[in-house]
Amino acid sequence: MGQQNVPDNDHATLLERQERKTEPPPLYQVVLLNDDYTPMEFVVGVIQQFFGKGREQATQIMLKVHREGKGVCGVFPRDLAATKVDQVTEYSRQHQHPLQCVMEEA
C-alpha cells in the first residue's frame with residue numbers, strides 16, 4: 001500500500017476563518033440638542049456626569065450645542081449610546097429641563 005495523498009485542508013480552514021471575521025458593530029454619536037430653556041450650567045453638569053468629561057471639555061461641548069444647535073458628547077456602541085440617551089433624558093426631566101439627547105450613527 002502506498003501513501004495516500006491527503007489534501008492539505010489546514011490552509012483552506014485558515015482562509016475560511018479569516019473570511020468569517022465579523023465587522024465591528026456600528027458606533028453611534030450621542031448628541032445634545034440646543035433649546036432656549038435649559039441653563040448652560042446644567043448642560044455642563046450633564047456632560048460631566050454622564051460622559052466623564054472634565055469641566056473645560058464639558059464647557060466646550062456645551063458652547064458647541066449653544067452656538068451650532070448640537071454637540072457630540074461621545075461615541076459608543078448602539079446599546080451603550082441608547083442607555084446614555086435614556087439616562088440624560090430622564091435626568092433632565094427629573095430636573096424639569098427640556099434638554100434633548102439623541103443618538104446618530106457615526
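A residue counts as exposed when its relative accessible area is over 50%, and as buried when that area is under 20%. Keep those cut-offs in mind as you walk through this predicted model.

**First stop: helix H3.** Select residues 55-68. The 14 residues of this helix should span 20 Å at 1.5 Å a residue, and its end C-alpha atoms are indeed 20 Å apart. Now pick out Ala58, Ile61, Met62, Leu63 and Val65, the buried residues of H3. Show their surroundings, and you will find that their cover includes strand E1 (27-33), helix H2 (40-51) and strand E2.

**Along the helix.** Select Glu68 and Lys64, whose side chains form a salt bridge (2.9 Å, N to O). Both sit in H3, four residues apart, about one turn of the helix. Glu68 is exposed, because its relative accessibility is 57%, while Lys64 is partly exposed at 37%. Step just past H3 to Gly69, which has a positive phi near 95°.

**Across to helix H2.** Next, choose Arg55 and Glu41, joined by a salt bridge of 2.6 Å, N to O. Arg55 belongs to H3 and Glu41 to H2, so this pair ties together parts 14 residues apart in sequence.

**Between two strands.** Select Glu104 and Lys70, another salt bridge (3.1 Å, N to O). Glu104 is in strand E3 (residues 100-105) and Lys70 in strand E2, 34 residues apart. How many salt bridges does the structure hold? There are three.

**Last stop: the surface.** Colour Leu27, Val72 and Val75, which make a nonpolar surface patch of about 210 Å². Val72 is in strand E2 (residues 70-77) and is partly exposed, at 34% relative accessibility.

Conventions. Residues numbered from 1 in each chain as written. Predicted model: local features only at pLDDT ≥ 70, side-chain atom pairs only at ≥ 80, totals over all residues. Heavy atoms only, no water. Patch = residues over 30% accessible without salt bridge, like charges linked within 9 Å, V, L, I, M, F, W, Y side chains within 5 Å. Areas by Shrake-Rupley, 256 points an atom, 1.4 Å probe, with all protein chains shown as cover. Salt bridge = Lys/Arg side-chain N within 4 Å of Asp/Glu carboxyl O. Buried < 20%, exposed > 50% of the residue type's maximum accessible area, 1.4 Å probe, protein only. Expected span 1.5 Å × (residues − 1). Contact = heavy atoms within 4.5 Å.
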